Amino acid sequence: MKKIEPKEWIPLIKPYAKPNTLRSLRQVADTLLPLLLLFYLAHKALSVSLALTLLLDFAAALFLVRLFILQHDAGHGSFFPRKWANDLLGFFTGVLTLVPYHHWQLSHARHHATSGNLDKRGVGDIYTMTLEEYLKASPWDRLKYRLYRNPWIMFFLGPIYVFMLSYRLPLGYGSDKPSVRNSVALTNLFLALLLAGIVVFFGVKTLLFVYLPIQYLAGMIGIFLFYVQHQFEDVYWEHNPRWEHLKAAMEGSTYLKLPRVLQWLTGNIGFHHIHHLAPKIPNYLLPKVQEEVDLVKVAPTVTLKDAFKIAFADMHLYDEESRKLVGFKEAHQRLREAQGKKAY
């Protein structure tokens, strides 16, 4: 992709970065109301069939993912024209999604500013080592990284660790800021009240077989979506000062082309390349940008089938020579070759 200056592409994108309050409110209604209804139906289904309950839990989890996308837009200031409205929605949806709004907002902004930058990894992203770093690492550090990148751990244990444990503490990037610590504490307080309300009005069984599975499944889907949109063989990584925002968006993020129903349920987050290029565009305008702006059509397109292959593929290390993601198998082959040369 040739270098295109911001003055050339910003005018193409800017007209779409205008939220529509009525359309945004409609999204809140068509997301929150079905979520609450599905929660209630899953609660009632407990007296009929656990299998039916879990099926309704999964449907509710998809709406919870959609709710997070609304929180996500609010965090970028792209859902409502007014900051106070974005922050209000972001905070209260954060109680429902288990994601403390201001804490996440800060680290996610950092992710957008540094995505694809080899010199600024580790905040708001899925950490990726280079092949050279992995080969030079100690056996213990290599083991830790392999466990971290193991798909069974990432997708099945990750939701518990990220959403239910780590987000309950003001740790990591921005944790020194009072606003971040207060956001986490206030979110936890409202969350405690919510959990108490569920136990009082619906019972412990509903907490265990409805609320917690919905949260777990939504977290799993969320991690999966985020992973496959930044981890693919030809993904863009670059050092300063060669790193470019446009390339990071178009070559470092995918266009995840989902079936229409899933596209709607995931709040158009599959148009991730456009979102990274211009996060001020509301989610409901991203498909329009894809249709009308030729600039964004160069991003790699990934289907749902491709996404599952990516999620479980051995692509965990960035090789700066080939400019591709490679796997642990190749890395350990190089380690054996290096050890053989030393022995010789």
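Gln 105 sits in helix α5 of this predicted model. With a relative accessible area of 22%, Gln 105 is partly exposed, since buried means under 20% and exposed over 50%. Beyond its neighbours within four places in sequence, Gln 105 is in contact with Ala 74, Gly 75 and Asp 87. The protein as a whole has 17 helices and five strands, and buried residues account for 49% of its 344 residues.

**Around Gln 105 and helix α5**

- The C-alpha atoms of Gln 105 and His 72 lie 8.0 Å apart in space, while the two residues are 33 apart in sequence.
- Helix α5 covers residues 101-114, and the loop between α4 and α5 holds Leu 98.
- Leu 98 has a phi near 75°, which is a positive value in a residue other than glycine.
- The relative accessibility of Leu 98 is 5%, so Leu 98 counts as buried.

**Overall size and surface**

- For 344 residues, a compact globule would be expected to have a radius of gyration near 20 Å, and the 21 Å of the protein agrees with this.
- Taken along the principal axes, the C-alpha atoms fill a box of roughly 70 × 50 × 40 Å.
- The exposed area of the protein is about 17300 Å², and carbon and sulfur atoms supply 65% of that area.
- The protein carries 39 positive and 27 negative charges, and the mean positions of the two sets are 5 Å apart.
- Of the contacts between residues at least 6 apart in sequence, 70% join residues at least 24 apart.

**Helix α9**

- Helix α9 runs over residues 158-165, and its buried residues are Gly 158, Pro 159 and Phe 163.
- Viewed down the axis of α9, these buried residues fall within an arc of 85°, so they line one face of the helix.
- The packing partners of the buried residues of α9 are α4 (83-97), α8 (151-156) and α11 (204-228).

**Backbone features in loops**

- The peptide bond that joins Asn 240 and Pro 241 is cis, with omega at about 0°.
- Pro 241 belongs to the loop between α11 and α12, the latter spanning residues 245-252.
- Asn 268 is a residue other than glycine with a positive phi, near 60°.
- The loop that holds Asn 268 runs between α13 (260-265) and α14 (272-277).
- Asn 268 counts as buried because its relative accessibility is 10%, and buried means under 20%.

**Strand β5 and Leu 325**

- Leu 325 is placed in strand β5, which covers residues 324-326.
- At 4% relative accessibility, Leu 325 falls in the buried class.
- Apart from neighbours within four places in sequence, Leu 325 is in contact with Thr 128, Gln 231, Phe 232, Glu 233, Val 235, Met 315, Leu 317 and Tyr 318.
- Trp 104 is 221 residues from Leu 325 in sequence, and the C-alpha atoms of the two are 27 Å apart in space.

**Ala 313 and the loop before β4**

- Ala 313 lies in the loop between α16 (304-312) and β4 (317-319).
- Ala 313 counts as partly exposed, its relative accessibility being 21%.
- A distance of 9.7 Å separates the C-alpha atoms of Ala 313 and Gln 231, which are 82 residues apart along the chain.
- Gln 231 is also one of the residues in contact with Leu 325.

Notes:
Residues numbered from 1 in each chain as written. Predicted model: local features only at pLDDT ≥ 70, side-chain atom pairs only at ≥ 80, totals over all residues. Heavy atoms only, no water. Buried < 20%, exposed > 50% of the residue type's maximum accessible area, 1.4 Å probe, protein only. Helix = DSSP H or I, 4+ residues; strand = E, 2+ residues; numbered from the N terminus. Arc of directions from axis to C-beta. Contact = heavy atoms within 4.5 Å. Rg over C-alpha atoms; globule rule 2.2 N^0.38 Å. Areas by Shrake-Rupley, 256 points an atom, 1.4 Å probe, with all protein chains shown as cover. Lys, Arg positive; Asp, Glu negative; His and termini not counted. Charge placed at Lys NZ, Arg CZ, Asp CG, Glu CD.
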